[in-house]
Amino acid sequence: MEEIQNLPTLPTVIQKIHEILRDPTANAADVGDVIRQDASLTSKTLKLVNSAFYGFPKKINSITRAIVILGFNKIKNIALSASIFETFRGVTARGFDAKRFWEHSLAVAIATEVVAKDSGLEEQEDAFVAGLLHDIGKIIIAAHLKNEFLAILKSVEEEGLLMVEAEEKVLGANHALIGKWLGEKWKFPDGLVAPTARHHQPRLAREFRDLTCAVNLGDILARALGIGNGGDRGIPAIDGVVWDRFDLSTARIEKLCDAVLDGTDRAGAFLELIR
Ligand SMILES: [Fe+2]
Ligand SMILES: [Fe+2]
């Protein structure tokens, strides 16, 4: 693990946004000012805001207006999502299918938000980005530990292991832990780092357990719906704690799946950002 150097750095604008969020005297206008300083991020954020995903009848032409209509947290999260896509755009590695990886990550973002909203979770605002980030450690492995990544894929293929099991076998660590390191390095809020760290073991989540359970379920729903692919063939069973937390039933799962499909159908603008 110590061999991983040059981890991707977060765009300065996102660092600034997080600094503002930690400053109790800052306000929504300050966030707008920071986004506007970056012309490319401004245009990408507005493109997403005006996409079919949010479905506003009238075009929203400025960040200020977008903040008024959607709220500052939402705009911050849209800008953050655009930045994450931008940071990892163009990462290529043998055996790593970026397109399918991002389709999976986006579907998990949408599914996590669907679950969080449907269950009235307190952390609804963070759900989308938490889902988008959950497997980020896999890109780090693919791009920085290339030989190990190929060994992991081989072990998934030949031994029928899940990615996370194969990673532990080959690396002694898994993508959830590596994602946690990256999130900490980027000084992301704990509410985003904790679900990434425990998304395969929601039972062990001590903090942000609800959101961790939502990411875990979002991941399983995205896999069950066959949207994109994060490298696994198998679909893990839904853990009892997740089942209980969201009071699941077959009918409820079907309803959640319908909402996820509806969201992914309208989410093309996000995927355009990594093309
Ligand atoms: Fe994962
Ligand atoms: Fe995943």
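In the predicted model, the axes of helix α7 (residues 124–133) and helix α12 (residues 190–198) come within 9 Å and cross at roughly 40°. This angle lies outside the range under 35 degrees that counts as roughly parallel, and α7 and α12 are therefore oblique to each other. The crossing of the two helices, α7 and α12, is right-handed. On the α7 side the contact is formed by Asp126, Val129, Ala130 and Leu133, which meet Gly191, Leu192, Pro195 and Thr196 of α12. Sorted by class, the contact of α7 with α12 contains five nonpolar, two polar and one charged residues.

A second helix pair consists of α6 (residues 98–118) and α15 (residues 250–265), whose axes are 9 Å apart and which pack at an angle of about 135°. That angle makes α6 oblique to α15, since only angles over 145 degrees count as roughly antiparallel. The crossing of α6 and α15 is right-handed. Helix α6 contributes Ala107, Ile110, Ala111, Val114, Val115 and Asp118, and these residues meet Leu256, Ala259, Val260, Gly263 and Thr264 in α15. The contact of α6 with α15 comprises eight nonpolar residues, two polar residues and one charged residue.

The packing of α3 and α5 was examined in the same manner. The axes of α3 and α5 come within 9 Å, with a crossing angle of roughly 115°. Angles from 65 to 115 degrees count as roughly perpendicular, and α3 and α5 are therefore roughly perpendicular to each other. Their crossing, that of α3 and α5, is right-handed. From α3, the residues making the contact are Leu41, Lys44, Thr45, Leu48 and Val49, while α5 provides Ile75, Ile78, Ala79, Ala82 and Ser83. In the contact of α3 with α5, seven residues are nonpolar, two are polar and one is charged.

At the level of domains, the chain is divided into domain 1, covering residues 1–88, and domain 2, covering residues 92–275. A distance of 22 Å separates the C-alpha centres of domain 1 and domain 2. The contact between them draws 20 residues from domain 1 and 20 residues from domain 2. On the side of domain 1 that touches domain 2, at least two residues are supplied by each of α3 (39–49) and α5 (72–88). Helix α5 accounts for the largest share of this side of domain 1, with nine residues. By class, the residues on the side of domain 1 that touches domain 2 are twelve nonpolar, five polar and three charged. Helices α3 and α5 thus appear in two settings: each supplies residues to the side of domain 1 that touches domain 2, and the axes of α3 and α5 come within 9 Å of each other.

For the chain as a whole, the secondary structure comes to 16 helices and zero strands. The radius of gyration of the chain is 18 Å, close to the 19 Å that the globule rule gives for 275 residues, so the chain is as compact as a globular protein of that length. The C-alpha trace of the chain spans about 55 × 45 × 35 Å along its principal axes.

Note on methods. Residues numbered from 1 in each chain as written. Chains lettered and ligands numbered in written order. Predicted model: local features only at pLDDT ≥ 70, side-chain atom pairs only at ≥ 80, totals over all residues. Domains from an automatic or database assignment. Contact = placed C-beta atoms within 7 Å. Helix = DSSP H or I, 4+ residues; strand = E, 2+ residues; numbered from the N terminus. Nonpolar A, V, L, I, M, F, W, Y, C, P; charged D, E, K, R; others polar. Axes fitted to C-alpha atoms, helices over the stretch in contact; angles between N-to-C directions. Left-handed = near helix turned anticlockwise from the far one by under 90°. Rg over C-alpha atoms; globule rule 2.2 N^0.38 Å.
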